[in-house]
Amino acid sequence: MPGSDVTATHCPYCALQCGMEIGPGAAITPRTDIPANASGALCQKGWTAGELLTNGERLTTPLLHGEPVAWDVALDYVADRLSAIRAEHGPDAVAVFGGGGLTNEKAYSLGKFARVALGTSQIDYNGRFCMSSAAAASIRAFGMDRGMPFPITDLAEADVVLLAGANVAETMPPFVRHVSGPRVIVIDPRRTQTAKLAWLHLQPAPGTDLALALGLLHLALADDLVDEAYVGARTTGFEEVRTSLSAWWPERVERITGVPVHQMRQAVRAMAAVDKAYILTGRGAEQHAKGTDTVTAYINLALALGLPGRHGSGYGCITGQGNGQGGREHGQKADQLPGYRKIDDPAARAHMAEIWGIAAEDIPGPGRSAYELLDALGTREGPRALLLFGSNPIISAPASEHVAERIAALDLLVTCDFVMSETAALADVVFPVTQWAEEGGTMTNLEGRVLLRQQAVAPPEGVRSDLDVISALAARLGHRFETEPVKVFDELRRASAGGPADYSGITYERITAETGVFWPCPDLGPAREHPGTPRPFLDSFATPDGRARFVPVQHRPPAEEIDADYPLYLSTGRVLAHYQSGAQTRRIAPLVRAAPEPYVELHPDLAEQLDIVPGDVVRVSSRRGEAKAVARISDAIRRDTVFMPFHWEGANRLTNPALDPTSRMPEFKVSAVRVERDS
């Protein structure tokens, strides 16, 4: 609690949610009771997290058209404008955009606010940009999406771990300690810091991950490595997949991907030869217009080798954002209701209508996905007002210049933030809100473990929580919303009861006593307590027949291929010192010193061809815009590819908003670009 000498809580950044303690002067020390970092590890971001609480750029007063105003003035203005816009254009003229870093309580309240107080279907969140493809693939294969359906500590006992498109050494360094024992296979177009630690690195051309996964499964079949007993007992659909693989002989896959056949065979044989193996996917495999199918292909490979649903083996997705898992479970996604229920399911609608005290027919149907929502802002048929919580799309959205134009066309933009992000700077109203250690609430980490962030310090005077903002606006629109996190969580528990993500048996007291509780965890009543579910698929999968489903998929080229005008691939990603859009980390002096500016990474042969030397300012152009950054020359990247980190404004001006047809994930990871030395 605030005022005590030391408070146990969790890191404000990635989905590991490392345990830490906050002491006097915002001093940070790692906890050793949280499995994600039980060894006492923290990354550079975690060690410097205390500076977020003392940063001089904090917002402490509501802003109306850039001028400080009292809270009631700002709240009244927003409520009046929302009412007027809804009256003139209908409820869907107001949109809500959330974030994967919001607590479960905020995510739940935001979804309820959109559907009950505003009556709008237009709500989605930036987690759609994070791991929606893996979520969609997991649901159709296993019947449920829980990123890693096993404790992270299981990885240390593995013999082999394959990481497809995951650079954990930079994005979440304490993760590396869990895979320091197994042989690690990395699939990535770059020789990342993670790839440098690997036993085997497969380096495919950007946009060819799906072809590679198909080739690996073809080899497993050809070399008689399929676990036929497991496939027969625990899966369906394998014969259709077996037939679909006939065209993906290894030599063809080598021509498409650039990965030598002997490396493919080495990877498959290594996984098949051991008792315990895992396949894990990250954003590199998922952020494509075919990301759902790519993840499906890796799941098919895992199923063929008999990995999922066995203690010591499995498939998992490495969630990125701090509450990327919980953030999509409780209602801020366009197509979902709390408990990971589908919004078009009549039973789910009836359940939520009872919890919310409204008629089921008054709950709006599915809305637009994240990019489609941003793309529609200010258009004739799109939203005229946007309420933005915990996101910075001016930096993080694809085709970001176009997104900025759409935001500028709004009649009303309202943001809740604790610093003046690039998007907040465009807002009509900015509400200064609490962050991280200034508030309590639950987060669900990459394992599906529900954790408790405890308030460690009092917020600056004049700052309120997102829950306070939601409640105050709801009250002005005629609705009563809770503001205390524990009361919101109690309602969330009832709302999630019976759903795939059932939190009803989880309480703040249990989380504290058990250092986290795995969902699903139903409420069994006062007589007994459900233990939580660390490994949900050991007995059966969450499908109607209890079997995992093979799904046949086929490779297709990127949505945008290279040509004479744009002859290079652009791939984007993260660096160790920064997080997401950089709104937090670019204000922390040690992190800025470690990574002060964006850059373009080029292979030495390409740099020589373009007459570029290290430190030159280069211009990168795509069909959507251009960006400038300094050149870094490295043989860690392919000759046909350049890399840019996306924490600064620029990289996402170039990226392609082409969407996966299932998950609606944009194709961040491969765009056609031209690179020139800037004159």
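Let's start with a pair of strands: E2 (residues 19-23) and E3 run antiparallel and are joined by four bridges. If you want a residue pair to click on, Ile22 sits opposite Ile28 in E3. Keep in mind as you look around that this is a predicted model.

Zooming out a little, E2 and E3 belong to an open sheet of three strands, ordered E1-E2-E3, with antiparallel pairing. Strand E1 (7-10) and strand E3 (27-30) are the edge strands, each of them pairing on one side only. Going from one strand to the next, the twist averages 35°.

Now for the whole chain. The secondary structure of the protein chain comes to 24 helices and 30 strands. How does the radius of gyration of the chain stand against the globule rule for 679 residues? The radius of gyration is 24 Å, close to the 26 Å from the rule, so the chain is as compact as a globular protein of that length. Along the principal axes, the C-alpha trace spans about 70 × 70 × 50 Å. Buried residues account for 65% of the 679 residues in the protein chain. The contacts tell you something about the wiring too: of those between residues at least 6 apart in sequence, 73% join residues at least 24 apart.

Ala548 gives you a residue-level view of such contacts. You'll find Ala548 in strand E22 (residues 548-549). Its relative accessible area is 0%, so Ala548 is buried. What is Ala548 in contact with, once its neighbours within four places in sequence are left aside? The partners are Ala141, Phe142, Arg234, Thr235, Thr236, Leu303 and Phe541. There's also a C-alpha distance to look at here: Ala548 and Ala233 are 315 residues apart along the chain, yet their C-alpha atoms are separated by 9.9 Å.

Next stop, His201, whose place is in strand E10 (residues 200-202). Is His201 buried or exposed? With a relative accessibility of 16%, His201 counts as buried, because the cut-off for buried is under 20%. The side chain of His201 has backbone oxygens to talk about: a polar atom of that side chain lies 2.8 Å from the backbone oxygen of Asp188. The backbone oxygen of Arg190 lies 3.3 Å from a polar atom of the His201 side chain. Asp188 and Arg190 also turn up among the residues in contact with His201 beyond its neighbours within four places in sequence, along with Val186, Arg191, Ala195 and Gln263.

Finally, the cysteines. How many disulfides are there? The count comes to zero, going by the rule that two cysteine sulfur atoms must lie within 2.5 Å. Take Cys14: the closest cysteine sulfur is in Cys18, at 6.0 Å from the sulfur of Cys14, which is too far for a bond. Cys130 is in no disulfide either, and its nearest cysteine sulfur, that of Cys317, is 7.3 Å away. As for their surroundings, Cys14 is buried with a relative accessible area of 11%, and Cys130 is buried with a relative accessible area of 5%.

Notes: Residues are numbered from 1 along each chain as its sequence is written. This is a predicted model: local features need pLDDT of at least 70, side-chain atom pairs count only at pLDDT 80 or more; totals for chains, interfaces and linings use all residues. Side-chain values use heavy atoms; hydrogens and water are left out. Helices (H or I, at least four residues) and strands (E, at least two) are DSSP runs, numbered from the N terminus. Buried means under 20% relative accessible area, exposed over 50%, partly exposed in between (1.4 Å probe, protein chains only). Contact means heavy atoms within 4.5 Å. Two strands pair if DSSP finds at least two bridges between them. Axes are lines fitted to C-alpha atoms, for helices over the stretch in contact, and angles run from 0 to 180 degrees between N-to-C directions. A polar contact is a pair of N or O atoms within 3.5 Å; within protein, one must be able to donate a hydrogen and the other to accept it, and residues adjacent in sequence count only if both atoms are side-chain atoms. The radius of gyration is taken over C-alpha atoms; the globule rule is 2.2 Å times the number of residues to the power 0.38.
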